[in-house]
Amino acid sequence: MSKYLIDEIARTSNVVLEPLTQVVEAIGEDHLEALRLSGPNGEYQVPAGSLFVFIGAVPGTKWLPESILRDENGFVLAGPDLRAKGKLPESWKEQREPFLLETSVPGVFVAGDVRHGSVKRVASAVGEGSIAVQFAHQYLAGF
Ligand SMILES: Cc1cc2nc3c(=O)[nH]c(=O)nc-3n(C[C@H](O)[C@H](O)[C@H](O)COP(=O)(O)OP(=O)(O)OC[C@H]3O[C@@H](n4cnc5c(N)ncnc54)[C@H](O)[C@@H]3O)c2cc1C
């Protein structure tokens, strides 16, 4: 999710990475004691006292109509990011540029983690939300 975290993990000698591996079972009586993992070389068990489930980095945007353009990872494109090779999408019929947080559908705005290129921090998401409201007002006022 963040490159600095990936780099930090790579630098930390007491962190063991198990690439291409899934947790398939949590084992224990009244608390977690071990994890069963499934990796490229089959299943195996490791002792574990805790498990951190890292969720929230994949955008859930498959339900959006195709008219709302997304990048290859599903993040919603907006503003200047709508330009591909310098050109706005053909579906963009407005005479003006899209507002900073405006999607490929005029008057539809995106804010927060789900936006392509967003900072992935709470403060940014909240700030973008309030800016999107201002753009909505501008849109409704006919700017
Ligand atoms: C493990 C982890 C650690 C993090 N640590 C930090 C940190 O220390 N500091 C920091 O600033 N940021 C941190 N972040 C990032 C921070 O959580 C996000 O930047 C922030 O929550 C983004 O807010 P958001 O409103 O854009 O999205 P979200 O908080 O993800 O909110 C989106 C909401 O929309 C809902 N939703 C999704 N699809 C639909 C739908 N179809 N209909 C209705 N509702 C829907 C979801 O259920 C969710 O409630 C962390 C993120 C993760 C995953």
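Start with Gly107: leaving out residues up to four places away in sequence, Gly107 touches Glu102 and Tyr139. The Tyr139 partner comes from far along the chain, 32 residues away in sequence, yet the two C-alpha atoms sit 6.2 Å apart in space. Gly107 itself belongs to the loop between strand 3 and helix 2. Its relative accessibility is 27%, so it counts as partly exposed. Keep in mind that this is a predicted model.

**Around Phe109**

Two positions on, in that loop between strand 3 and helix 2, you find Phe109. Phe109 has a longer list of partners: Phe99, Leu101, Glu102, Thr103, Ala132, Phe135, Ala136 and Tyr139, again not counting residues up to four places away in sequence. Tyr139 and Glu102 are worth a second look, because Gly107 touches them too, and both appear in the Phe109 list. Phe109 and Leu77 are 32 residues apart in sequence, and their C-alpha atoms lie 9.8 Å apart in space.

**Thr103, from the other side**

Thr103 is one of the residues that Phe109 touches, and Thr103 also lies in the loop between strand 3 and helix 2. Is Thr103 buried or exposed? Thr103 has a relative accessibility of 2%, and anything under 20% is called buried, so Thr103 counts as buried. Leaving aside neighbours within four places in sequence, Thr103 is in contact with Ile68, Val76, Leu77, Ala78, Leu82, Trp92, Val108, Phe109 and Val110. Leu77 turns up here as a contact of Thr103, and Leu77 is also the residue whose C-alpha lies 9.8 Å from that of Phe109.

**Two residues with a positive phi**

Now for some backbone oddities. Most residues other than glycine have a negative phi. Leu20 is not a glycine, but its phi is positive, at about 55°. Lys85 isn't a glycine either, and its phi is positive at about 50°. Where does Leu20 sit? Leu20 is in the loop between helix 1 and strand 1, the strand that covers 22-27. Lys85 belongs to the loop between strand 3 (42-47) and helix 2. As for the surface, Leu20 is exposed, with a relative accessible area of 77%, and Lys85 counts as exposed at 88% relative accessibility.

**Gly117 and Ser124**

Gly117 is another residue of the loop between strand 3 and helix 2. With a relative accessibility of 58%, Gly117 counts as exposed. Gly117 and Gln134 are 17 residues apart along the chain, with 20 Å between their C-alpha atoms.

Ser124 takes us into helix 2, which runs over residues 122-140. Ser124 is partly exposed, with a relative accessible area of 23%. From Ser124 to Glu102 the distance between C-alpha atoms is 16 Å, with the two positions 22 residues apart along the chain.

Here are the C-alpha pairs side by side:

| Pair | Separation in sequence | C-alpha distance |
|---|---|---|
| Gly107 and Tyr139 | 32 residues | 6.2 Å |
| Phe109 and Leu77 | 32 residues | 9.8 Å |
| Ser124 and Glu102 | 22 residues | 16 Å |
| Gly117 and Gln134 | 17 residues | 20 Å |

**The chain as a whole**

Stepping back, the chain has two helices and three strands. Going along the sequence, the pattern reads α-β-β-β-α.

What radius of gyration does the chain have? The chain comes out at 21 Å, while a compact globule of 143 residues would have one near 15 Å. The C-alpha trace spans about 60 × 30 × 30 Å along its principal axes. Of the 143 residues, 25% count as buried. If you look at the contacts with a separation of 6 or more, 32% of them are between residues 24 or more positions apart.

The accessible surface adds up to about 10,400 Å², and carbon and sulfur atoms account for 59% of that. On the charge side, the chain has 13 positive and 18 negative charges, and the mean positions of the two groups are 11 Å apart.

**How far to trust the details**

Where pLDDT is low, the predicted coordinates should not be read in detail. For this chain the average pLDDT is 95, and 99% of the residues score at least 70. Which element has the lowest mean pLDDT, and which the highest? Helix 1 (residues 3-11) has the lowest, at 90, and strand 2 (residues 34-39) has the highest, at 98.

Definitions and conventions. Residues are numbered from 1 along each chain as its sequence is written. This is a predicted model: local features need pLDDT of at least 70, side-chain atom pairs count only at pLDDT 80 or more; totals for chains, interfaces and linings use all residues. Side-chain values use heavy atoms; hydrogens and water are left out. Helices (H or I, at least four residues) and strands (E, at least two) are DSSP runs, numbered from the N terminus. The radius of gyration is taken over C-alpha atoms; the globule rule is 2.2 Å times the number of residues to the power 0.38. Buried means under 20% relative accessible area, exposed over 50%, partly exposed in between (1.4 Å probe, protein chains only). Contact means heavy atoms within 4.5 Å. Accessible areas come from the Shrake-Rupley method with a 1.4 Å probe; for residues, only the protein chains shown count as cover. Lys and Arg count as positive and Asp and Glu as negative; His and the chain ends are not counted. The place of a charge is taken as NZ of Lys, CZ of Arg, CG of Asp or CD of Glu. pLDDT is the predictor's confidence in each residue, from 0 to 100.
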